[in-house]
Amino acid sequence: MKFERKRPTDSPEPDMTPMIDMTFQLIAFFMVLLNFGESEVDARIKLPSSELAKPPEAQFVAPLVLQLTKDDRIIFGGEPIPIAAMDRHLRNERRFLELNGTDVTEATVVLRADADAKTGVVQEVIQMCQDNGFEKFALRAKQELEEKR
Amino acid sequence: MKLRHTSTTVPNKVDMQMTPMIDIVFLLLIFFLFSFKIVAVEGDFNIRMPAAGAGAAALEPQLPIKVRLIADAEGNLSGIQMADRPVASFAALHEQVMSIVGNDAGPNAAAANTEAELNCDYNLKYQYVINAITAISGYVTPDGHIVKLIQKIKFAPPKKPA
């Protein structure tokens with residue numbers, strides 16, 4: 001009886017191509033959706049919702065983003081500060097705009113106020129901006145898809 | 001001379017080292033996965049509000065609409081008034097605004113000259129102000145288009161409770 005000598009078999013290599021395809025697809029997906037420009041969005045603010053809130057078609061000229069929390073503080077430069085201390089920052093912003101040759105009346109104050117913030121406080125912030133020469137305001141809200149009115 | 005036989009027909013397969021590439025690819029995947037966050041679409045209500053006295057003559061309204069929003073002690077909405085008359089809801093407010101500045105086709109000729117003034121209680125939650133601005137400033141058609149009604153909106157001076 002003849003026995004066949006067993007040859008050392010090659011280690012079975014799995015086909016990696018579909019996995020790599022999928023992984024690259026996932027990377028491309030997350031890369032496209034990643035938006036570094038939204039760094040101004042602060043999770044401490046729960047924006048009010050409105051069905052008319054649509055993203056702006058054009059970028060604002062010299063936008064100044066003020067985020068008002070429900071406990072009457074303004075997040076400015078990542079730090080929550082009392083509203084009374086905001087006047088100094090607004091004066092600095094105005095000076096900075098003037099040095100750059102931008103008319104302060106053309107700059108837009110983007111107000112991201114919490115849905116539970118007091119309206120009176122929002123108005124005080126607006127008034128403070130007005131006292132520093134700002135005229136254009138963008139009241140930010142998140143888009144509401146279902147009709148709730 | 002004896003030539004050694006060399007196999008030229010089947011070249012040796014060069015195995016590419018996949019491990020470092022897969023390592024990096026997974027690292028990238030994890031990075032993007034963790035930096036990914038779902039952000040709701042945000043939009044703005046653009047309002048031009050010069051300080052009292054500045055440019056007031058240029059913005060002379062012809063049909064002022066005065067809306068009063070009354071809050072309870074908790075800051076929730078307890079009443080809406082338009083021109084000192086009570087309004088049941090924001091939908092009813094929208095209907096009344098439509099009867100003044102709108103028609104079936106959209107805003108009428110008066111819409112461009114109409115200004116709305118919001119007079120809100122100090123402690124009213126801001127969400128209700130946005131609801132009021134939504135009711136006043138436009139509506140969304142069934143096919144998803146936004147029709148703008150009143151664009152000149154201003155606030156009455158805030159009155160801090162004593």
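In this predicted model, helix α2 of chain A comprises the 14 residues 86–99, which at 1.5 Å a residue should span 20 Å; the C-alpha atoms at its ends are 20 Å apart, in agreement with that expectation.

The two sides of this helix may be considered in turn. Four residues of α2(A), namely A:M86, A:L90, A:E93 and A:L97, are buried. Because they cover an arc of only 60° around the axis, they lie on the same side of α2(A). An α-helix has 3.6 residues a turn, so residues three or four places apart point the same way. The buried residues of α2(A) pack against three strands of chain A, β2 (63–68), β3 (73–76) and β4 (79–82), and against helix α3 (119–131) of that chain. On the other side of α2(A), the residues A:R88, A:N92, A:R95, A:E98 and A:L99 are exposed. The helix α2(A) is followed by A:G101, which has a positive phi near 80°.

The description now turns to the partner chain. Contacts between the chains involve 44 residues of chain A and 43 residues of chain B. On the side of chain A that touches chain B, the elements giving two or more residues are α1 (17–33), β5 (108–113), α3 and β6 (136–143). By class, this side of chain A has 24 nonpolar, seven polar and 13 charged residues.

One of these elements, β6(A), also pairs across the chains: seven bridges join β6(A) to strand β1 (residues 42–48) of chain B, and the two strands run antiparallel. Within this pairing, A:R140 stands opposite B:D44 of β1(B).

Technical notes: Residues numbered from 1 in each chain as written. Chains lettered and ligands numbered in written order. Predicted model: local features only at pLDDT ≥ 70, side-chain atom pairs only at ≥ 80, totals over all residues. Expected span 1.5 Å × (residues − 1). Buried ≥ 20, exposed ≤ 12 C-beta atoms within 10 Å, placed from the backbone. Arc of directions from axis to C-beta. Contact = placed C-beta atoms within 7 Å. Nonpolar A, V, L, I, M, F, W, Y, C, P; charged D, E, K, R; others polar. Pairing = 2+ DSSP bridges.
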